[in-house]
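Here are my notes on the model you passed along. I've kept them as short numbered points so you can follow along with the structure open.

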Amino acid sequence: RNAIRLGRKRRRKAGKNEDSDEEVKRMVKLMPGEVERKRSADRPATARQMRQDAKAQQREEHRAVAQYNKQEKVTDKCSWWMESSKFAKHRLIALGDHVSLVMAPPNASLQTGNHLYLVPLKYAESFTACDSSVWDEVRRFLSSLKRLYAKEGKGIMFMETVMPNKKGLSQTRLDVI
């Protein structure tokens, strides 16, 4: 409502030479929440406010640590993550700067010896959430694998698998079959 009223005033004063910076300052003063921000900036923080800020910061730190611990528990259970205690080092085929190529375990393999995983080294919810440097390396791996399978006269299929879990985290890998 205030914005509409100010717009009308501005249209009426359009013929007058009014500085637009002054007008912007007046409009900012009328914005909700600006009064509280101005008051809090004018007064020094009280002991109560300082305690509340400290508690809020402590809560944020606690949440970040809890999120990290959740992520560690989830990745520790996966056999394809290099940081996992269940990771079998003899399954590692190639290690890039951002991505690793891992042979799928026989119990999870669709074709023994021909089922591979491309896994980002850093935790990622999906490949679309990864940086461009990760994507560049994935593309290089994919083109190399295509050439390798073409030499053998075989077809190849790529499938991204995002594994959600009960704790609200999800993990990604690119299956190469």
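1. Before the fold itself, a word on terms: helices here are DSSP runs of H or I with at least four residues, strands are E runs of at least two, and both are numbered from the N terminus. Bear in mind too that this is a predicted model.

2. With that in hand, the layout reads α-α-α-α-β-β-β-α-β-β along the sequence. That makes 5 helices and 5 strands in the protein.

3. Some overall figures next. The protein has 177 residues, and 26% of them count as buried. About 13100 Å² is exposed, with carbon and sulfur atoms supplying 53% of that area. Looking at contacts with a separation of 6 or more, 46% come from residues 24 or more positions apart.

4. Which residues have the most contacts inside the largest nonpolar core? They are V99, L101, L116, L118, V138 and L174, in a core of 15 residues. At least two residues each come from strand 2 (99-103), strand 3 (116-120), helix 5 (132-151) and strand 5 (170-176). Helix 5 is the top contributor, giving 6 residues to this core. As general background, nonpolar side chains tend to be buried together in soluble globular proteins.

5. L116 is a good residue to click on. Setting aside residues up to four places away in sequence, L116 touches I93, L101, V102, M103, A104, L145, Y149, L174, D175 and V176. Apart from the core in point 4 there is another one, made of 8 residues, including W81, F87, V102 and V119.

6. Now W80, which sits in the loop between helix 4 (47-76) and strand 1 (92-95). Is W80 buried or exposed? Its relative accessible area is 9%, so W80 counts as buried, the cut-off being under 20%. Beyond its neighbours within four places in sequence, W80 is in contact with F87, V102, Y117, V119, M163, Q171, T172 and R173. W80 and M103 are also worth a look: 23 residues apart in sequence, they are 8.5 Å apart in space, C-alpha to C-alpha.

7. On to charges. Side chains of opposite charge can pair when their charged atoms come close. How many salt bridges does a search of the whole structure find? The search turns up 5, and I'll go through some of them below.

8. In helix 4, the side chains of R63 and E60 form a salt bridge at 3.1 Å, N to O. The two residues are 3 apart in that helix, about one turn. E60 has 48% relative accessibility, so E60 is classed as partly exposed.

9. Helix 5 has a salt bridge too: the side chains of R139 and D136 meet at 3.0 Å, N to O. R139 and D136 are separated by about one helical turn because they lie 3 residues apart in helix 5. R139 is partly exposed, at 49% relative accessible area, and D136 is partly exposed as well, at 35%.

10. One more pair to check is E152 and K154, whose side chains meet in a salt bridge at 3.6 Å, N to O. E152 counts as partly exposed at 48% relative accessibility. K154, at 38%, is likewise partly exposed.

Definitions and conventions:
Residues numbered from 1 in each chain as written. Predicted model: local features only at pLDDT ≥ 70, side-chain atom pairs only at ≥ 80, totals over all residues. Heavy atoms only, no water. Buried < 20%, exposed > 50% of the residue type's maximum accessible area, 1.4 Å probe, protein only. Contact = heavy atoms within 4.5 Å. Areas by Shrake-Rupley, 256 points an atom, 1.4 Å probe, with all protein chains shown as cover. Core = buried A, V, L, I, M, F, W, Y, C linked by side-chain atoms within 4.5 Å. Salt bridge = Lys/Arg side-chain N within 4 Å of Asp/Glu carboxyl O.
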